[in-house]
Amino acid sequence: QVHLVESGGGLVQPGGSLRLSCGASGTIYKIYTMGWYRQTPGSLRDLVADITSDGKIRYKDSVKGRFTISADNAKNTWYLQMDRLEPEDTAVYYCLGAAAIEHPGEIRNYWGQGTRVNVSI
């Protein structure tokens, strides 16, 4: 089983910064995609950014130029640096790891428990 733990959420004023971290532990052969999603009440969970093990990166349009995803593959840890935060970024942020626990083996999605980000005066 793969266990993800997030940290770094909190309350920040508009224009401020936060850095989220997600660490994966357990029996892991490889994490193929490391990502961040966010969810607001009444909405579906939405991709914010992800990065593959070979370095391909995607961002949600509204965060391009403000958020940066990075990963330390050796530590099975990834980060989301969030700068110039806006009230619209307020949400619960979840990390996602698409991982296999053995090789060959099935790649499954694993989720963190969520961390709340509140951008407010």
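**Exercise 1. A charge over a ring**

Task: In this predicted model, find which ring the charged end of R45 sits over, and at what distance from its centre.

Solution. Start at the charged end of R45 and look for the ring beneath: the ring belongs to W111, with its centre 4.7 Å away. Now try the same search from R19. Here the face of Y79 is the partner, and R19 lies 4.0 Å from that ring centre.

**Exercise 2. Classifying an aromatic pair**

Task: Stay with W111 and work out what kind of pair its ring makes with the ring of Y37.

Solution. Step one is the distance: the ring centres of Y37 and W111 are 5.1 Å apart, and the cut-off for a pair is 6.5 Å. Step two is the angle: the planes stand at 70°, while over 60 degrees counts as edge-to-face. The pair of Y37 and W111 is therefore edge-to-face. The structure holds one aromatic pair, so no further classifying awaits you.

Step three places the partners in the chain. Y37 belongs to strand β4 (residues 30-39) and W111 to strand β10 (residues 108-111), so the pair links distant parts of the chain, 74 residues apart.

Step four asks about accessibility. Y37 has 17% relative accessibility and counts as buried, because buried means under 20%. W111, at 36%, is partly exposed.

**Exercise 3. Following the disulfide**

Task: Identify the cysteines that form the disulfide, give its handedness, and say which strands are tied together.

Solution. A disulfide is a covalent bond between the sulfur atoms of two cysteines. The count here comes to one. Its members are C22 and C95, whose sulfur atoms are 2.1 Å apart. Next, read the torsion: 55° about the S-S bond makes the link of C22 and C95 right-handed. Then locate the ends: C22 is in strand β3 (residues 18-26) and C95 in strand β9 (residues 91-100), so the bond ties together parts 73 residues apart in sequence. Finally, check burial: C22 is buried at 0% relative accessibility, and C95 is buried with a relative accessible area of 0%.

**Exercise 4. The surroundings of D50**

Task: Decide whether D50 is buried or exposed, and find which side chain D50 joins in a polar contact.

Solution. First find D50 in strand β5 (residues 46-52). Its relative accessibility is 5%, so D50 counts as buried. Next, look for a polar partner: the side chains of D50 and R58 are joined by a polar contact of 2.6 Å. To complete the picture, set aside neighbours within four places in sequence; D50 is then in contact with T33, M34, G35, K56, I57, R58 and I69. R58 thus appears in that list as well as in the polar contact.

Definitions and conventions: Residues numbered from 1 in each chain as written. Predicted model: local features only at pLDDT ≥ 70, side-chain atom pairs only at ≥ 80, totals over all residues. Heavy atoms only, no water. Phe/Tyr/Trp six-rings, centres within 6.5 Å; stacked < 30°, edge-to-face > 60°. Helix = DSSP H or I, 4+ residues; strand = E, 2+ residues; numbered from the N terminus. Buried < 20%, exposed > 50% of the residue type's maximum accessible area, 1.4 Å probe, protein only. Lys NZ or Arg CZ within 6 Å of the ring centre and 35° of its normal. Disulfide = S-S within 2.5 Å. Polar contact = N/O pair within 3.5 Å; in protein donor to acceptor, adjacent residues only side chain to side chain. Contact = heavy atoms within 4.5 Å.
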